[in-house]
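This report describes the structure shown below, beginning with a strand pair and ending with the nonpolar cores.

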Protein chains: 2
Amino acid sequence: VPNYLKNKRTVLYTLDQNSKIPLHIQLYNELKNDIISEYKINDKLPSIRKIASTYNLSKTTVESAYSQLVAEGYIDSFPKSGYFVVDTLISNFPQQKNINQTQDIKKEYRFDLHPARLEKGLFPIKLWKRLFNKEIDENIDMGRYSDPQGEYDLRDEIAKYLQSSRAVKCEADQVVVCNGFADGMNLIARMFNSKKDPFTLEDPGYYIAYKVFDAYGYDIQKLPIDKNGIILKNLEKLDTKLLYITPSHQYPTGATIPIANRQKLLSWAKQSDTYIIEDDYDSELNYSNRPIPSLQGLDNDEKVIYVGTFAKSLSPALRVSYVVFPWHLIDTYKKQYDDIKVSLITQKTLKAFMKEGHWEKFLRKVRTINKKKHDLLKELLLTKLKDTVKIESIGAGLTIHINPNVPFDMEKFKQKAEQNSIKLYFAKTTSGGTWDAIRLGFGGFSLEDIVLFMDIFEVIWYESIIK
Amino acid sequence: VPNYLKNKRTVLYTLDQNSKIPLHIQLYNELKNDIISEYKINDKLPSIRKIASTYNLSKTTVESAYSQLVAEGYIDSFPKSGYFVVDTLISNFPQQKNINQTQDIKKEYRFDLHPARLEKGLFPIKLWKRLFNKEIDENIDMGRYSDPQGEYDLRDEIAKYLQSSRAVKCEADQVVVCNGFADGMNLIARMFNSKKDPFTLEDPGYYIAYKVFDAYGYDIQKLPIDKNGIILKNLEKLDTKLLYITPSHQYPTGATIPIANRQKLLSWAKQSDTYIIEDDYDSELNYSNRPIPSLQGLDNDEKVIYVGTFAKSLSPALRVSYVVFPWHLIDTYKKQYDDIKVSLITQKTLKAFMKEGHWEKFLRKVRTINKKKHDLLKELLLTKLKDTVKIESIGAGLTIHINPNVPFDMEKFKQKAEQNSIKLYFAKTTSGGTWDAIRLGFGGFSLEDIVLFMDIFEVIWYESIIK
């Protein structure tokens, strides 16, 4: 302690007895400003007693201010010597930069062809409110970390739904509640070994599956598809641990793997000790036929990890999806670190929604509505664009894929779409292959929107055809 | 087409005209069962016309059933020949395994000392309901993918709160809404290069930080701490890109990095081009002094990535946290794939909660309540256990850490705790170092609970002391 130092000066602190700010905090602020602007290293501060008597403050008030300054490291106390400014000190608190808020002004399009949007009015707001209010009143504990795997009663409802609607063989214990596709894929990626276990995905295939496994450093192979999905003969030479596919509604081409191929695929998985990640993202939306039963349901050898979501039929903004693991992987899952991924109250509300039978009814409604939209868009495409259009995929989901069937100026078409406030999406952008198509996402449109849209679309389509 | 084949037999389908199940689905089911149990490969099915006339069904009904069977790959059609069973077919659908539901029966403890729990009644249920109902009625669109970064108005509220309460310098554009600590750390891990950028964390340090970066294959170093947190002299030799620390309330030791060290740390970060990940997980809960301003707020060189959460004061089950990036990393963030991590309606409700001033009020209430609990537990520890206990960390957060200060039979103590329905936690388990302490998490207890708990705890404590 440098004991040659004396009190530097007598400071006049301007404390306001009537302020809402407590006196010790006022004093702390004054002292701090002084230390920063006036004091030097090792300078001694006035004693607590001195400040207290000069300003008619209680000793406790002054002690409190000093204590905070010590805690923050501005000053230090030495027994019998007093308080000193510490030997390394900031010259000043940095000034906040004057950066203007730069909120992205996102253009609102009149016709946004997003491939996975739902009509705004479709979400059952009233019902959801009622169930939310009921569930939150039912002794819910928001003060604790709930089950990282997801609430048991919600998992049970999901398991029952998957059993009856998708022929998935599962129990609640096999289900993990996630907050979206990427979240579930992250979970799977963490359960395997990126250095030893190669990952394969169909090509074209959903780019998020690629991105997630790529981020974990997996070796990634791509396997081409044809009209029956993954080409079986390529499997013979394939050395992989995980194969990601969308067997019931291939993303983006719409192909379905026929039952015979499914059997062969499962035999291969068993024989080669490969896990198939079955992404069943929107197979509940099938308009030509009933939904194709899941691959998982045909599997007797626990080689399928099943992935699904509520985003395509209920709401993409709700953030609930799920992964169903084979029984023997549940222990591996439980050994991993995991954390709750969906708010407890959202889980409870969704549970009630399913348990009371609303989900099944809602799904029927969504299917009917989207079938109407799908059929109308298909009809208008065929009657308006006739043989100038090639329909690439149809009959399911929330998108019809098309390509021009005639010489076509795609740049001109894109420009005209932009000019007419139509937001376009292309399959290639999100599936990383060479397969491309214009994505006509109709989910967010009303029937009226589709008619209006097709009137404009027809015009710009014909304007873009090279004569 | 093997044209020597003829109709195998005339099947009698038992269709129920009065069933709720549509006729084409009844027919589909009957046909499918037949194919599986009776038919052989390449067997020909009865013609559509034949089935329609025999059973007095419309041709459309039969076509619909056949179409589904084709889609699912059971049969295939050949022009002018009819429908045939495909050449590879499952012998049977696998039977669902009869595995009993094995829901984990989790023991409910009378006294669960979880280090980060909040009292059940604390969450503002009524207010939350009111805000939820208001927000969901306000033209909210649950049908679209909202901003992956989080809603702008919520990010704006978080930024304002952090500016005023934690002296964090930030704007809404720098904030990313996440669903918990691990989620935010995942985001950071994906933005850097696991092959080139080493990751360092304090030792002892929060194990989830380790786990997340480990899963991405980062090289991980550990850096020891002392009573002032990270030991500065070790930084000179350190070659790292990311340094994870908890500067305001070290996890788990409770150390605080003094201001002088913070300056040196920031200078080092600038000079060595290292990003500091500042985990400010519970620094709003400081009972001895005002919360220490954040490290981020002192940084003039954009070297701090700030991480915070609503879990420790509002609710761990709500699943909302945030990351604040330096401006120059926002572009890197936006180039990454990212997805919405918190339900739109939860984001909107939390936004309203903050905007209407409830969060600040609630925080004061939580601080007061937890200070009372903390002070009571501390007092009872000192009066009951006297010099047999060493208090390792105190004064902040939701936990007091203690160790015996006398010869102690820890195994006996653990057994007795279990017998008395006390769930114990130890610091070492979640911080991966050698530093250990018994964690007395008081957040979930009422004041009465603390008194009751300490009566029992006192008994088992003294019983475990080796005389």
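In chain A, strand β1 (residues 75-78) and strand β2 (residues 82-85) run antiparallel and are joined by four bridges. Strands here are DSSP runs of type E with at least two residues, helices are runs of H or I with at least four, and both are numbered from the N terminus; two strands pair if DSSP finds at least two bridges between them. A:Ser77 lies opposite A:Tyr83 of β2(A). Three residues separate the strands of this hairpin, in which A:Lys80 adopts a positive phi near 65°.

The model is predicted: local features need pLDDT of at least 70 and side-chain atom pairs count only at pLDDT 80 or more, while totals for chains, interfaces and linings use all residues. Residues are numbered from 1 along each chain as its sequence is written, chains are lettered from A and ligands numbered from 1 in the order in which they are written, and side-chain values use heavy atoms, with hydrogens and water left out.

Chain B contains an open sheet of eight strands with mixed pairing, in the order β4-β11-β10-β9-β8-β5-β6-β7. Its edges are β4 (175-178) and β7 (229-230), each with a single partner strand, so one side of each lacks a neighbour in the sheet. Strand β6 (residues 220-226) of chain B pairs with β7(B) in the antiparallel sense over two bridges, and B:Asp226 stands opposite B:Gly229 of β7(B).

The two antiparallel pairs compare as follows.

| Strand pair | Bridges | Opposite residues |
|---|---|---|
| β1(A) and β2(A) | four | A:Ser77 and A:Tyr83 |
| β6(B) and β7(B) | two | B:Asp226 and B:Gly229 |

Chain B superposes on chain A (least squares on the C-alpha atoms of residues with pLDDT of at least 70 in both) by a rotation of 180° with 0.0 Å of shift along its axis, at an RMSD of 0.1 Å. That is the relation of a two-fold axis. In chain B, the C-alpha of B:Tyr216 is nearest the axis, at 2.4 Å.

The largest nonpolar core (buried Ala, Val, Leu, Ile, Met, Phe, Trp, Tyr and Cys residues joined through side-chain atoms within 4.5 Å; buried means under 20% relative accessible area with a 1.4 Å probe, protein chains only) has 135 residues. A:Leu314 and B:Trp461 are among those with the most contacts inside it. Helix α11 (residues 358-385) of chain B gives the largest share of this core, nine residues. Another core, of 60 residues, lies apart from it and includes A:Met185 and B:Phe199.

Definitions and conventions
Buried < 20%, exposed > 50% of the residue type's maximum accessible area, 1.4 Å probe, protein only.
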